[in-house]
Amino acid sequence: MKQIFSYLIPYRARMAVGFSIKVAATIVELLIPWALSIMVDKVIPTENIGFVFAWGGVMILFALLALLGNIVANRMASLVARNTTERIRLQLFSKISFLSARQQEQIGQASLISRSTSDTYNIHQFIGMMQRLGVRQPIMLIGGLAVTLSMDAPLTCIMLALLPVMAFLVYLFSSKGVPMYTKVQEAVDRFVRLVREDIAGIRVIKALSKTDTERSKFAKINEEVVTRDQHAGMIMGAMNPVMSIILNIGLVLVLFVGAKRVNEGLTTPGVIMAFMSYVTIILNSILFLSRIFVMYSKASASARRISEVLNLPEDLMVEHPVGNVDSVVEKAVNEAEAAAAKETGAEFVLPQIIFDHVSFSYEDGDGEDCLHDVSFTVNKGETLGIIGATGSGKTTIVNLLMRYYDPDEGHIYVNGRDVRTYTSKELMPLFGAAFQNDVIFHDTIYENIRFGRDVSKKEAMAAAQDAQAVEFIEEKGLDTMLAIRGMDLSGGQKQRLLITRALAKHPQILVLDDSSSALDYATDARLRRAIQENYGDLTSIIVAQRISSIYRADKIIVLEDGEMIGYGTHKELMESCEVYREISQSQMGGGIDEA
Ligand SMILES: Nc1ncnc2c1ncn2[C@@H]1O[C@H](COP(=O)(O)OP(=O)(O)OP(=O)(O)O)[C@@H](O)[C@H]1O
């Protein structure tokens, strides 16, 4: 909570003003029953109607001042709560954007969503409540007791006797109810996850007639959220009636003892009338203070969840380059290649991409390797094809190259620098990437291509031309709004739009991860030709299931269970790699479609 409170610091001046107004308004409000007792005991008995009206006017003025002060202070409190929550949300969002893929998986996407929404909402509620009730109720309690003590000490003792009973009950209810709210929040996380998955996968759910299964899964988690909330609500809800009973017992006792004291001439009816109001004010303030306590417990659980994300250490640290980078890299480069270059007298060119004995596992190092001892190089302007069965590690190579994860062993170099030494701002602009299920945003076609970068409409259309997307983009218009996730586009159109986005900023390295699978052969071939002709020194990494998408590549990697079982040109692999030969024969019957 301390960390969350630090977000209030910029608003301390506004809060101080709001607090002062609130304190003044509450004190004025507290004086109204006292003014009533004066009216009953001192003003009315004078039978001076002018005096009665004048005193009545004072009471109305008190009420108006209290009302006005409360409105102003509450508006200031809301503003502080709103601005603070806005800053927390913004900070949280930026942090989430920079979390490593591993950290995102650890916390879970649904949990990240509910931490940014319902948890920040709880904080918002608490900050608002703290400034409104948190100031008002202690003054009401202490001030009320002070006024009543000065009016009639024995009657005040009745209330004082009830206070510990109420405090104990509040503690009892809260200690049972509050932990339940943490459980409610956990159930909400699961609820959000299911809703997200179901909405995203609505088509496949329908296609596989899984609507009933999903509905019953939804009903179950929905019921769990409701039941948990109900249990917590029931416990906390029982607090109000119990408190009301105590309050009414207090009123009856005050009336009973007060009436006796009036009869005995020890006090006056005006004091008893004021006391009735003060009993309600004082006991209610205990009730409201208990609500603040409950809200605090909810908010502190939320604050913990938010701080957990905000304080996550930087996973993919940027390391400082050590020594002469080029010489380190040269050593790391496939030695045979370097030696061959030296032998033939050819100039040795430093490859643009180097994987040097890279091993990686998603399981934080203790699971089986998803990639094992992978080494390859790609020169500037070359195309690398990656092929292999599903789950063989093709996407993992891309994930490591773009530093979504760091390898467990080995090194990856881009332009002669270990990727660990790049900041994300330096590394990412080198790449243009299109992944198979990449997101298309609910925005215009142009904005989906531009993606916040400096890309003119002309450049966007030129990229669309190369990505074979120009026909449908011209037909729809660059400024057409697309549906959420591009639901109003065909699979092939989506892929072409994603490739357009990847090409638009003329990256150094183009990554196409299974992103031409929905294109027909002829379009796929035209796309490859356009890239070759218009992006001369563009280095391409193409992950594909189809041989036709990669057979022209300068180098091809064949993967099986994370191991590189083949590396070379199409021709070399046809001779040396049995698996590649089999794939080729099954897809092309051994021959190649030169489309
Ligand atoms: N985020 C992840 N967490 C844990 N395991 C993962 C994760 N992503 C992939 N894997 C596992 O790593 C292995 C390699 O996955 P990868 O996505 O690289 O395969 P692929 O060859 O690209 O498959 P496909 O052709 O089906 O896309 C698979 O066994 C997969 O289950």
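**Exercise 1. Place Gly 568 in the predicted model and decide whether it is buried, partly exposed or exposed.**

Solution.
- Step 1: find the element. Gly 568 sits in strand β10, which covers residues 563–568.
- Step 2: take the neighbour count. Gly 568 has 17 C-beta neighbours inside 10 Å.
- Step 3: apply the cut-offs. Buried needs 20 or more, and exposed needs 12 or fewer. Gly 568 therefore counts as partly exposed.
- Step 4: list the contacts. Leaving out residues up to four places away in sequence, Gly 568 touches Lys 555, Ile 556, Leu 573 and Ser 576.
- Step 5: look further along the chain. Ala 207 is 361 residues from Gly 568 in sequence, and their C-alpha atoms are separated by 41 Å.

**Exercise 2. Do the same for Gln 465 and Glu 447: give the helix and the exposure class of each.**

Solution.
- Step 1: start with Gln 465. Its helix is α15, residues 457–466.
- Step 2: classify Gln 465. It has 17 C-beta neighbours inside 10 Å, so it is partly exposed.
- Step 3: add a distance. Gln 465 and Leu 31 are 434 residues apart along the chain, with 78 Å between their C-alpha atoms.
- Step 4: move to Glu 447. This residue belongs to helix α14, residues 445–450.
- Step 5: classify Glu 447. It is partly exposed because 16 other C-beta atoms lie within 10 Å.
- Step 6: add its distance. Glu 447 and Phe 293 are 154 residues apart in sequence and 47 Å apart from C-alpha to C-alpha.

**Exercise 3. Examine the backbone angle phi at Glu 47 and His 506, then locate both residues.**

Solution.
- Step 1: recall the usual sign. Most residues other than glycine have a negative phi.
- Step 2: read Glu 47. Its phi is positive, about 55 degrees, and it is not a glycine.
- Step 3: locate Glu 47. It lies in the loop between α2 (12–43) and α3 (49–98).
- Step 4: classify Glu 47. With 8 other C-beta atoms within 10 Å, it is exposed.
- Step 5: read His 506. Its phi is also positive, about 45 degrees, though it is not a glycine.
- Step 6: locate and classify His 506. The loop between α17 (491–503) and β7 (509–513) holds it. It has 14 other C-beta atoms within 10 Å, so it is partly exposed.

**Exercise 4. Which residues touch the most other members of the largest nonpolar core?**

Solution.
- Step 1: recall the tendency. In soluble globular proteins, nonpolar side chains tend to be buried together.
- Step 2: name the residues. The largest core has 63 residues, and Ile 386, Ile 412, Ile 499, Val 511, Ile 541, Ile 550 and Ile 557 touch the most other members.
- Step 3: follow one of them. Beyond its neighbours within four places in sequence, Ile 386 is in contact with Lys 394, Ile 397, Ile 541, Val 543, Ile 557 and Leu 559.
- Step 4: find the other core. A second, separate core has 25 residues, including Met 15, Phe 126, Val 184 and Ala 303.

**Exercise 5. Describe the shell around the ligand.**

Solution.
- Step 1: pick out residues. Among those surrounding the ligand are Glu 105, Tyr 362, Lys 394 and Asp 514.
- Step 2: sort by class. The shell has two nonpolar, seven polar and three charged residues.
- Step 3: find the main contributor. Helix α12 (residues 394–401) gives the largest share, three residues.

**Exercise 6. How far apart are the domain centres?**

Solution.
- Step 1: set the bounds. Domain 1 spans 2–310 and domain 2 spans 325–588.
- Step 2: read the separation. Their C-alpha centres lie 56 Å apart.
- Step 3: check the confidence. The protein chain averages a pLDDT of 86, and 92% of the residues score at least 70. The model scores ipTM 0.95 and pTM 0.70.

Methods:
Residues are numbered from 1 along each chain as its sequence is written. This is a predicted model: local features need pLDDT of at least 70, side-chain atom pairs count only at pLDDT 80 or more; totals for chains, interfaces and linings use all residues. A residue is near a molecule or strand if its C-beta atom, placed from the backbone, lies within 6 Å of it. Helices (H or I, at least four residues) and strands (E, at least two) are DSSP runs, numbered from the N terminus. Ala, Val, Leu, Ile, Met, Phe, Trp, Tyr, Cys and Pro count as nonpolar, Asp, Glu, Lys and Arg as charged, and the others, Gly among them, as polar. Domain bounds come from an automatic or database domain assignment. pLDDT is the predictor's confidence in each residue, from 0 to 100. A nonpolar core is a set of buried Ala, Val, Leu, Ile, Met, Phe, Trp, Tyr and Cys residues joined through C-beta atoms within 7 Å. Two residues are in contact if their C-beta atoms, placed from the backbone, lie within 7 Å.
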